[in-house]
Amino acid sequence: MSKLFPNATQRTKAPYRFDIVGSFLRPEALKLARSQCQCGDISCADLTAVEDQEISKLVAHQKQVGLHAVTDGEFRRTFWHMDFLAALEGVQEVDAKQFSVQFKHHNVRPKTLKIVGKIGFGEHPFLEHYRSLQKIAGDYPVKFTIPSPSMLHLICLVRETDYQPIDLYKDNEQQLLADLAQAYRDAIAKFYALGCRNLQLDDTSWGELCSEEKRAAYTARGIDVDQLAKTYVNLINESIKDKPADMTITMHICRGNFRSTWFSSGGYEPVAETLFGHCKIDGFFLEYDSDRAGDFKPLRFIKDQQVVLGLVTSKSGELEDKNAIIERIKEAAQYVDINQLCLSPQCGFASTEEGNVLTEEQQWKKLEFIREISEEVWGK
């Protein structure tokens with residue numbers, strides 16, 4: 001029993017009181033193997049063998065640190081979102097002059113996406129990624145992460161200033177949204193059939209819609225940002241509407257995470273009523289590690305979703321003050337019941353294969369730190 005919150009209890013289903021966003025720093029052996037594969041020095045099969053080996057080590061370490069569900073660390077990906085979206089039917093990854101957003105102090109490899117045909121979900125490579133993770137984890141619960149459907153629309157139709165629709169979607173954006181939602185319903189059904197019961201949608205669109213700077217820039221281009229928020233909530237709801245009752249789908253809202261830098265600032269207030277009040281997911285992973293995320297007042301719009309507070313940063317290895325974190329949980333509990341709150345890092349440790357600027361040892365100490373606080377607040 002928690003001494004801090006007498007009514008606080010642990011959870012036996014996702015999201016857990018002690019949880020993670022999903023990605024982990026890539027080991028040097030994996031980075032070397034990927035480089036060798038790109039240069040033609042080893043085969044794709046050789047790379048997969050190294051990935052399997054390193055994911056096995058990662059899963060064992062996650063179990064050891066006390067996580068209730070394990071991920072593959074996104075070890076088979078280069079980007080947290082591009083790999084998945086580019087493998088959808090009708091989508092193609094293309095070179096660009098620059099990445100679709102600008103991070104503070106760092107440049108990302110210039111790639112973007114283009115819609116070239118009818119959007120769909122076929123024999124997607126991530127299905128095999130899931131099978132592999134489940135095989136490695138054995139009977140242990142697993143968590144799988146994919147980008148939110150709104151990310152494809154954001155990259156191709158909103159960030160892109162010269163979007164040229166294919167004939168199928170010309171003057172018919174509703175058809176594009178309908179096909180995208182159907183692709184995600186198909187994806188969820190296929191992951192579920194493989195045993196997936198804990199799926200997370202990762203989404204930076206909301207970080208942009210929280211930013212006064214980006215809202216102003218989009219408005220100047222004639223984009224109705226409030227309507228865009230409603231469109232994205234509807235898209236997500238349509239995408240998950242056939243979700244089986246025993247499957248948990250959460251969403252991580254991100255402000256950018258590349259080499260410990262970011263690209264969006266702003267509290268949740270501009271989107272809170274639309275997003276928290278109407279999005280029918282089971283839980284939100286919310287960044288709250290810095291003043292860039294604002295205060296907890298927007299949580300007043302939360303309904304019955306779980307809220308995973310990202311109070312511990314993944315962007316540096318320095319540990320926060322435990323008492324300060326607990327005080328912030330108390331602040332959040334003024335707006336959301338303590339048993340609707342959980343704790344995690346603010347983001348993944350490596351949203352791209354480059355990873356954030358901290359060591360693997362510091363990464364694991366962060367998780368041990370979060371587990372200790374979780375046990376102190378919600379009990380063991």
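Which residues touch the most other members of the largest nonpolar core? In this predicted model, that core holds 108 residues, and the members touching the most others are Phe-191, Trp-206 and Leu-299. Helix H6, which spans residues 173–193, supplies the largest share of the core, namely nine residues. If neighbours within four places in sequence are set aside, Phe-191 is in contact with Phe-84, Phe-121, Phe-126, Leu-127, Tyr-130, Phe-144, Ile-146 and Cys-196.

A second part of the picture is strand E6, residues 283–287, where five of the five residues are buried, so the strand is largely enclosed by the rest of the structure. In a regular strand, side chains point alternately to the two faces of the sheet. In E6 both faces are covered, since Gly-283, Phe-285 and Glu-287 are buried on one side, while Phe-284 and Leu-286 are buried on the other. The strands that pair with E6 are listed below.

| Strand paired with E6 | Sense | Bridges |
|---|---|---|
| E5 (residues 248–253) | parallel | four bridges |
| E7 (residues 306–312) | parallel | five bridges |

Within these pairings, His-252 has Phe-285 of E6 as its bridge partner, and Phe-284 stands opposite Val-307 in E7.

Finally, a search of the whole structure finds two cavities of 30 Å³ or more, and the second largest contains about 30 Å³ of space. The lining of this second largest cavity consists of Gly-22, Thr-71, Asp-72, Glu-74, Arg-77, Leu-133, Lys-143, Phe-144 and Thr-145, and these residues divide into two nonpolar, three polar and four charged. Phe-144 thus appears both in this lining and among the contacts of Phe-191.

Conventions: Residues numbered from 1 in each chain as written. Predicted model: local features only at pLDDT ≥ 70, side-chain atom pairs only at ≥ 80, totals over all residues. Heavy atoms only, no water. Core = buried A, V, L, I, M, F, W, Y, C linked by side-chain atoms within 4.5 Å. Buried < 20%, exposed > 50% of the residue type's maximum accessible area, 1.4 Å probe, protein only. Helix = DSSP H or I, 4+ residues; strand = E, 2+ residues; numbered from the N terminus. Contact = heavy atoms within 4.5 Å. Pairing = 2+ DSSP bridges. 1 Å grid on protein atoms, 1.4 Å probe; cavity = no way out; pocket = protein on both sides within 12 Å on 5 of 7 lines; lining within 4 Å. Points joined across faces, edges and corners; volume = space filled by probe spheres on them. Nonpolar A, V, L, I, M, F, W, Y, C, P; charged D, E, K, R; others polar.
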